[in-house]
Amino acid sequence: MARIYTLANQKGGVGKTTCAINLGAYLGYYGQRVLLVDLDPQANATSSLGIDKKTVKSGTYEVLIGANPVGPQILHNPKLKISVLPSSPALAGAEIELIEMSNREQRLKDALAPVADRYDYILIDCPPSLSLLTINGLIAGRNGVLIPVQCEYLALEGLGQLTQTLTRVRTSLFPNLQVRGVILTMYDGRTRLALDVVGEVRKYFPEKVFQTIIPRSIRLAEAPSYGQPITLYAPDSTAARSYAALAREILDQDGIHIPVFSEEG
């Protein structure tokens, strides 16, 4: 059965979708079968993988409301080494429709169950909000939450709110919900502020922060416009090496040992 991780942070601009895409791409590079679920109505993960969100006729929205089963809606590009359940602007309407549905918080969990044995990893990219869609993502992520945190002061302010939300979900809906790990993103080692933020986050989440830190990178910002993860767009870049290291760190913690070979291999 797949390990299912949810990427969540209600603060926008922290690199959440970038993490989902590039972590997923490197897990695929290292031989894992990966499904990326785009749970954001903005459909940035979908667009960043070269899929025109305006042409998506069936995806996350239809799956959530029960109009279509998940399997046929999944798109796969062997070159990207990652499959995706795409999103579209229609998903914005799901918030209202889900309110009237039974088991509204567990719709995604139930929908993914039939395909969970086809993948080694399922990554769920949530919207930057504490919404019913995000609640669905948190409950579906049975193996924990990955929290990207930008290495800037304002990013710290949202951690308390996110922690409160996780506590509420754990108390009322999903007692086993846990933080799988915190990913530090957009790091600029030239600034004292970045160093201070790293220290504060590690103090806030002791033993939960990954050792790998993702640097601020022009290449990461450019890659989505080409519809490619960093594995293809700039595999020799510092950012690519960082995501490769993060994927290896997660695989190692999950007890999956991969052969040592170069990123160009």
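Helices and strands are named here as DSSP runs, numbered from the N terminus, with at least four residues for a helix and at least two for a strand. With that naming in hand, please keep in mind throughout the tour that the model is a predicted one.

**The whole chain**

Begin with the full protein in a cartoon view, where 11 helices and eight strands can be followed. The radius of gyration is 17 Å, close to the 18 Å that the globule rule gives for 265 residues, so the protein is as compact as a globular protein of that length. If you turn the C-alpha trace along its principal axes, it spans about 50 × 40 × 35 Å.

Now colour by burial: buried residues make up 54% of the 265 residues. Switching to a surface view shows about 11,700 Å² exposed, and carbon and sulfur atoms supply 51% of that area. If you colour by charge instead, the mean positions of the 26 positive and 25 negative charges are 1 Å apart. Among the contacts with a separation of 6 or more, residues 24 or more positions apart account for 80%, and several of the stops below show contacts of this kind in detail.

**First stop: A43**

Select A43, which lies in the loop between β2 (34–38) and α2 (44–48). Its phi is near 55°, a positive value in a residue other than glycine. Is A43 buried or exposed? With a relative accessible area of 0%, A43 is buried, because buried means under 20% relative accessible area.

**Second stop: E207**

Move next to E207, in the loop between α8 (192–204) and β8 (209–215). The phi of E207 is near 65°, again a positive value in a residue other than glycine. E207 counts as exposed, however, at 85% relative accessibility, whereas A43 is buried.

**Third stop: the tyrosine cluster**

A search of the whole structure finds six aromatic pairs. To look at one of these groups, select Y26, Y29 and Y30, which ring pairs link into a cluster. The rings of Y26 and Y30 have their centres 6.3 Å apart and their planes at 35°, so this pair is tilted. The pair formed by Y29 and Y30 is edge-to-face, with 5.2 Å from centre to centre and 75° between the planes. As for burial, Y30 has a relative accessible area of 7% and is buried, Y26 is buried too, and Y29 also counts as buried, at 19% relative accessibility. That value for Y29 can be set against the cut-off, since buried means under 20%.

**Fourth stop: T134**

Select T134 in helix α6 (residues 132–140), where it is buried with a relative accessible area of 4%. Which residues does T134 touch, not counting those up to four places away in sequence? They are C126, P127 and S129.

**Fifth stop: F174**

Continue to F174, in the loop between α7 (153–172) and β7. F174 is buried, with a relative accessible area of 12%. Draw a distance from its C-alpha atom to that of I139: the two are separated by 6.3 Å, although they are 35 residues apart along the chain. Leaving aside neighbours within four places in sequence, F174 is in contact with L138, I139, G141, R142 and V169.

**Sixth stop: R180**

From there, select R180, which is found in strand β7 (residues 179–187). Although it carries a charged side chain by the counting used here, in which Arg is positive, R180 is buried, with a relative accessible area of 13%. Beyond its neighbours within four places in sequence, R180 is in contact with Y5, N143, G144, V145, L146, F210, I250, Q253 and D254. A distance drawn between the C-alpha atoms of R180 and V209, which are 29 residues apart along the chain, reads 9.0 Å.

**Last stop: Q150**

Finish at Q150, in strand β6 (residues 145–150). Q150 counts as buried, at 8% relative accessibility. Which residues surround it in sequence-distant contact, leaving out those up to four places away? Q150 touches K11, G13, V14, A155, T185, M186, V197 and R216, and showing these as sticks together with Q150 makes a fitting final view.

Notes: Residues are numbered from 1 along each chain as its sequence is written. This is a predicted model: local features need pLDDT of at least 70, side-chain atom pairs count only at pLDDT 80 or more; totals for chains, interfaces and linings use all residues. Side-chain values use heavy atoms; hydrogens and water are left out. The radius of gyration is taken over C-alpha atoms; the globule rule is 2.2 Å times the number of residues to the power 0.38. Buried means under 20% relative accessible area, exposed over 50%, partly exposed in between (1.4 Å probe, protein chains only). Contact means heavy atoms within 4.5 Å. Accessible areas come from the Shrake-Rupley method with a 1.4 Å probe; for residues, only the protein chains shown count as cover. The place of a charge is taken as NZ of Lys, CZ of Arg, CG of Asp or CD of Glu. Rings of Phe, Tyr and Trp (its six-membered ring) pair if their centres lie within 6.5 Å; planes under 30 degrees apart count as stacked, over 60 as edge-to-face and the rest as tilted.
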